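Work through the exercises below with the model open beside you, and try each task before you read its solution.

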Amino acid sequence: MPDDPGVAIDDYIQRLFIHEDEAQRAALESARAEGLPSIQVPAALGKLLGILTVATGAKKILEIGTLGGYSGIWMARALPAGARLISLDVNPHHAEVARRNFARAGVADRVEVRVGPALETLPSLQGEAPFDIVYIDADKDNYPGYLDWAIRLTRPGSLIIGDNVLRGGAIITPAADDAGARGINEFNRRAAEHPRLDAIILPNRNGRDGILIATVKA
Ligand code: DHB
Ligand code: MG
């Protein structure tokens, strides 16, 4: 066995199940070349997002945190014709890079990137709700506020998904000065206790981080 069996396990999953195409590789490469932080989801989580999109028959998805569009491509490609992904990002440069990547991936017709602080954009989406999936992958200190909006903008049966909900365990007893860990700790607690959510965390990234998946109840 290698020193870190988790690494071999993630590699094994990747080799078996992940077949990225040229546009997905180009999305990663352009994000790197444009100086975006290399914090996009691992391919295995991108594929999971696509599988959940198909499994739920989603036709309207809201993503909070576009970055370079990598996760968005996985979800948009899983959407049927005529369906829509609205993706929010605070950074206009991220949005510009992502729009190019969506175009190259052939999904520009179904994806719209809206620029601004998500907590300011979210109230304007009420006329376009309910969303079938809300995927949260943005600034961690605002996760509790994003969860409140996700519940408002969904319907019974929708999925709410949050990335980075374990953060190497830093979220279990968050340090006073770690606003991100405190935000995630609160997000996880609210998701666990909310009467309209049924939630679980799936650890990933060799157990170093995790994704929360919740169904919305009546
Ligand atoms: C960070 C953010 C992410 O969404 C992620 O998946 C990994 C790291 C970060 O801000 O460090
Ligand atoms: Mg993330």
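**Exercise 1. Decide whether Arg 205 is buried or exposed, and describe its backbone.**

Solution. Start with accessibility: Arg 205 counts as buried because its relative accessibility is 17%, where buried means under 20% relative accessible area, exposed over 50% and partly exposed in between, with a 1.4 Å probe and protein chains only. Next, place the residue: Arg 205 is in the loop between strand E6 (197-204) and E7, helices (H or I, at least four residues) and strands (E, at least two) being DSSP runs numbered from the N terminus. Finally, look at the backbone: Arg 205 is not a glycine, yet its phi is positive, at about 50°.

Before going on, note that this is a predicted model, in which local features need pLDDT of at least 70 and side-chain atom pairs count only at pLDDT 80 or more, while totals for chains, interfaces and linings use all residues. Residues are numbered from 1 along each chain as its sequence is written, chains are lettered from A and ligands numbered from 1 in the order in which they are written, and side-chain values use heavy atoms, with hydrogens and water left out.

**Exercise 2. Find which residues are around ligand 1.**

Solution. First list the residues with a heavy atom within 4 Å of the ligand: they are Ile 39, Asp 137, Lys 140, Asp 163, Asn 164, Arg 167 and Arg 205. Then check the polar contacts (pairs of N or O atoms within 3.5 Å): an oxygen atom of ligand 1 is 2.7 Å from a side-chain N or O atom of Asn 164, and an oxygen atom of the ligand is 3.2 Å from a side-chain N or O atom of Asp 163. For Ile 39, it is a polar backbone atom that lies 3.2 Å from an oxygen atom of ligand 1.

**Exercise 3. Describe the surroundings of Asp 137.**

Solution. Begin with its location, which is the loop between E4 and helix H7 (143-152). Asp 137 counts as buried, because its relative accessibility is 15%. Its side chain forms a polar contact of 2.8 Å with that of Tyr 135. Leaving aside neighbours within four places in sequence, Asp 137 is in contact (heavy atoms within 4.5 Å) with residues including Val 41, Tyr 143, Asp 163 and Asn 164.

**Exercise 4. Locate the cis peptide bond that ends at Pro 130.**

Solution. The bond runs from Ala 129 to Pro 130, with omega near 0°. Pro 130 itself belongs to the loop between helix H6 (118-121) and E4.

How values were computed: A polar contact is a pair of N or O atoms within 3.5 Å; within protein, one must be able to donate a hydrogen and the other to accept it, and residues adjacent in sequence count only if both atoms are side-chain atoms.
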